[in-house]
Every structure is written in structure tokens, then in C-alpha cells.
Number of protein chains: 2
Amino acid sequence: MQVFKVVLELPEWVGKVLENAPSMYPTIEARMQLVVELSRRNVQYETGGPFGAAIFNVQTNQLVAPGVNLVVSANCSIAHAEVLAIMLAQQRVGHWMLGSSGMSPYQLVTSAEPCAMCLGAVQWAGVGSLVCGAREEDARRIGLDEGLKPTHWVEGLQGRGIGVIQDIGREEASSILFQYHERGGIIYNGR
Amino acid sequence: MQVFKVVLELPEWVGKVLENAPSMYPTIEARMQLVVELSRRNVQYETGGPFGAAIFNVQTNQLVAPGVNLVVSANCSIAHAEVLAIMLAQQRVGHWMLGSSGMSPYQLVTSAEPCAMCLGAVQWAGVGSLVCGAREEDARRIGLDEGLKPTHWVEGLQGRGIGVIQDIGREEASSILFQYHERGGIIYNGR
């Protein structure tokens, strides 16, 4: 009888980075710094696309789970950084919804604005807020497709009780995208 | 050092259903019949939400990979039926893109129209077409949130070379949604 199983695992270097990382993340800037560091290493070690993400608990200021893009290395178009962070955080919390949005202490911090898929995923995760580094136009500039997104997605998320904070460390986060492009990184659009 | 790993596995009954299933799926209706059967069993065995999906190769008429909703059972809001089918199909094919859309022989058949997240996922998967059973309003009728979707998503997918075929077996597919609702199935919206 066939078994249908998928295993997604972050590269070993993520654990090493976290061993030397702060134990507390009291500011949005500190959280973004970790996430951009994850995106930078992912490019450097050639383990995936130029994106990092993480979920933090903004009441305890602790990291709940990290994520990096694994599309090419895992042969999985679903394996965006935000998706990994959400899956790992829910596994750790032991629930399919991190919190009730509007009062959820869980914050998703991502090195770039979410693509169409991750924008959807954010709505199901149970996060209370979303913090973004690079803009979607920065990703488009290196040829990465963002997919069909509703025009007013920021207002749409806010209307659902999910706060959105943009342009945190945008310049540094974008620079990783350009590094990836310059190294000839695979542009893994679905067409 | 911490290891960050997620394992998603379809319930054992899926393999058993497939042992007794046809080896070829020459019509859209036959493909939908399998997918609706998966959604029905998922409700019956209480292994997840009322949704099934599968990817077929329309050149060989063979099943490539099945998927069912595992949100509640796997504690994972990402684990929609379409996502599982895409991940399993890409693992089987050994590539992060099933085919180049427009000429891809891979077809995603789903028992209900995709939510916002799965609509995004469809664009990255490398499928040439999408076949849907129930309409999104059928899912909304039992209280399931579909998320922020662009108004003209069907035309949007078509403009990207992904054909969309709606209302195949809609009545039967919708009846599974209502069965789930009547049994008091968990409505796992992210808020």
C-alpha cells in the first residue's frame, strides 16, 4: 500500500545561526534583523530563494519558529519562508491556529511582502500582525512573480484584524534579493 | 542544536481507497469522482476538513498524487487538500514545477474552488489546468472563510495559461460540505 508523506526540514545552518542569536527580540527591528540574516545565509549557502521569515511572540518577545525558502532545494513550490515559519510555529504551539487574530500575540516577520499564496496563508495562521521588509516591487525587479493579489491587500488584512507594518529594513532586505540575482539564483516562478 | 522539521502524511485509508480505485482516469468526471470520494472519506473517518484534491497527468490519464485536508488533524493551517496534492506530486516528479503552464499536462482537480492561499499555490505548482467541484459560496454557506481573493480570479488564472473548469460534480461535492457541517465538523478559520 502506498504511503503519502512529505518532509520539509530547514537546513542545518539555521540551528547554528540561532545558537548565536539573541534569546529575546523586544523590537520589530531586532526581529527583522534575524529574518534578513536568515535570507542572507539562505543565499550564501545556496539552500533556497532569498527569503527568510519567523514567528515571534510579542508578549514574551521570544522567537517561536524560523523559516527560509526551500522551493528549489526541497522540490516544493509551497515551501516559501512564511509557510515554513507558520507550519513550524503551529507544530510547536500544537494547534492549527496560533491565536485569535485581533488579540493574537503571534507576529509573522518576513524579509519581503507575501506573494499571493503566502498572503492567503497569513489569514489562516492565527497571527495578529505581519511585518514586512522588502516591497513586492523589489521582488518583481529581479523577475520573481508575486501572483494574483487583491489590490488593497494591506487594508484587507487590517479589516480582518491582522495589523500590517511595511518597510522595516527594506533596503537591507532588498539587497539580499539583488545578491541572489547577481549570483544567478534560480527564478522559480511557476511558468 | 535545534532541528526544524515538519512531516505531513495522508491518512492510511487513502492508500486503501486507491488500491480499489481505477488505474486510469480518462475523463474529468472520473477524476472528480475520485476527489469527491476522498473528501467523503475524510469526513467519514474524521481525519480532516471536507475537501479532497488530486493531480492527474492528462496525457497518460494517470493519478500523480492525491491530497486531503489535514488542517485539524495535523495542527497545520497550510495543510489544505490542494497543497498536499501539489507537494506530493512535485515530490513524485522530482521538481518544484510540475510543468510549464500553458502546455503542462498536469491537472489539479479539487472538490471545491480554491481559497485565497490555494489560489496562490495553484500559480506556483506548474499545472496547466484547474478543475473545481463545489463553488466558494458553497463553502461559505457552512461558515468556511475563503479569504481575500481577487474578484476575477478565474480570468486571472486563464491569463496566466492555467485553464479553469468549474461546476464538475458540484452537487455531490457540496453535499460533503453539508455532511461535515451536520456532523459538527470544526470550522477552522484563522480568526
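Which residue stands opposite B:Thr110 in S4(B)? Keep that one in mind; we'll get to it in Exercise 2.

**Before you start.** This is a predicted model, where local features need pLDDT of at least 70 and side-chain atom pairs count only at pLDDT 80 or more, while totals for chains, interfaces and linings use all residues. Residues are numbered from 1 along each chain as its sequence is written, chains are lettered from A and ligands numbered from 1 in the order in which they are written, and side-chain values use heavy atoms, with hydrogens and water left out.

**Exercise 1. Work out how chain A and chain B are related.**

Step 1. Two copies of a chain are related by a rotation about an axis and a shift along it. Here, a turn of 180 degrees with a shift of 0.0 Å along the axis lays chain A on chain B, with an RMSD of 0.0 Å. (The superposition is by least squares on the C-alpha atoms of residues with pLDDT of at least 70 in both copies.)

Step 2. The two copies are therefore related as by a two-fold rotation axis.

Step 3. Now check the contact residues, where contact means heavy atoms within 4.5 Å. Of those in chain A, 100% recur in chain B, so the same surface serves both copies.

**Exercise 2. Put the strands of the sheet in order and find its edges.**

Step 1. Strands of a sheet pair through backbone hydrogen bonds, either parallel or antiparallel. For our purposes, two strands pair if DSSP finds at least two bridges between them. Helices (H or I, at least four residues) and strands (E, at least two) are DSSP runs, numbered from the N terminus.

Step 2. In chain A, five strands make an open sheet with mixed pairing, and the order reads S3-S2-S4-S5-S6.

Step 3. Look for strands with a single partner: in chain A these are S3 (62–68) and S6 (163–165), so one side of each has no neighbour in the sheet. From one strand to the next, the twist averages 20 degrees. (Axes are lines fitted to C-alpha atoms, for helices over the stretch in contact, and angles run from 0 to 180 degrees between N-to-C directions.)

Step 4. Zoom in on one pair. S4 (residues 106–112) and S5 (residues 129–134) of chain A pair in the parallel sense over five bridges. Across from A:Thr110 you'll find A:Cys132 in S5(A).

Step 5. Hop over to chain B. S2(B) and S4(B) run antiparallel and are joined by five bridges. And there's the reply to the opening question: B:Ala53 stands opposite B:Thr110.

Step 6. Add the helices of chain A. Helix H2 (residues 28–44) lies across S2 (52–57), S3, S4, S5 and S6, at about 45 degrees to S4(A). Helix H8 (residues 170–182) lies across S4 and S5, at about 60 degrees to S5(A).

**Exercise 3. Check the span of helix H3 of chain B, then decide how enclosed H3(B) is.**

Step 1. The expected span is 1.5 Å times one less than the number of residues. With 13 residues (81–93), H3 of chain B should span 18 Å, and its end C-alpha atoms are 18 Å apart, which agrees.

Step 2. Use these cut-offs: buried is under 20% relative accessible area, exposed is over 50%, and partly exposed is in between (1.4 Å probe, protein chains only). Ten of the 13 residues are buried, so H3(B) is largely enclosed by the rest of the structure. Among them are B:Val83, B:Leu84 and B:Ile86.

Step 3. What do the buried residues of H3(B) pack against? Their partners include S1 (5–9) of chain A and, within chain B, helix H4 (116–125).

Step 4. Right after H3(B) comes B:Gly94, with a positive phi near 80 degrees.

**Exercise 4. Describe the salt bridges within helices H2 of chain A and H5 of chain B.**

Step 1. Side chains of opposite charge can pair when their charged atoms come close. A salt bridge is a side-chain nitrogen of Lys or Arg within 4 Å of a carboxyl oxygen of Asp or Glu. The whole structure has 24 of them over all chains.

Step 2. A:Glu37 and A:Arg41 form one, with the closest N and O atoms 2.7 Å apart. These residues are four apart in helix H2 of chain A, so about one helical turn separates them. A:Glu37 is partly exposed at 22%, and A:Arg41 is partly exposed at 24%.

Step 3. Widen the view: A:Glu37, A:Arg40, A:Arg41 and A:Glu172 are linked in a salt-bridge network.

Step 4. In chain B, B:Asp138 bridges to B:Arg141 at 3.3 Å between the closest N and O atoms. Both sit in helix H5 (residues 136–141), three residues apart. B:Asp138 is buried at 3%, whereas B:Arg141 is exposed at 55%.
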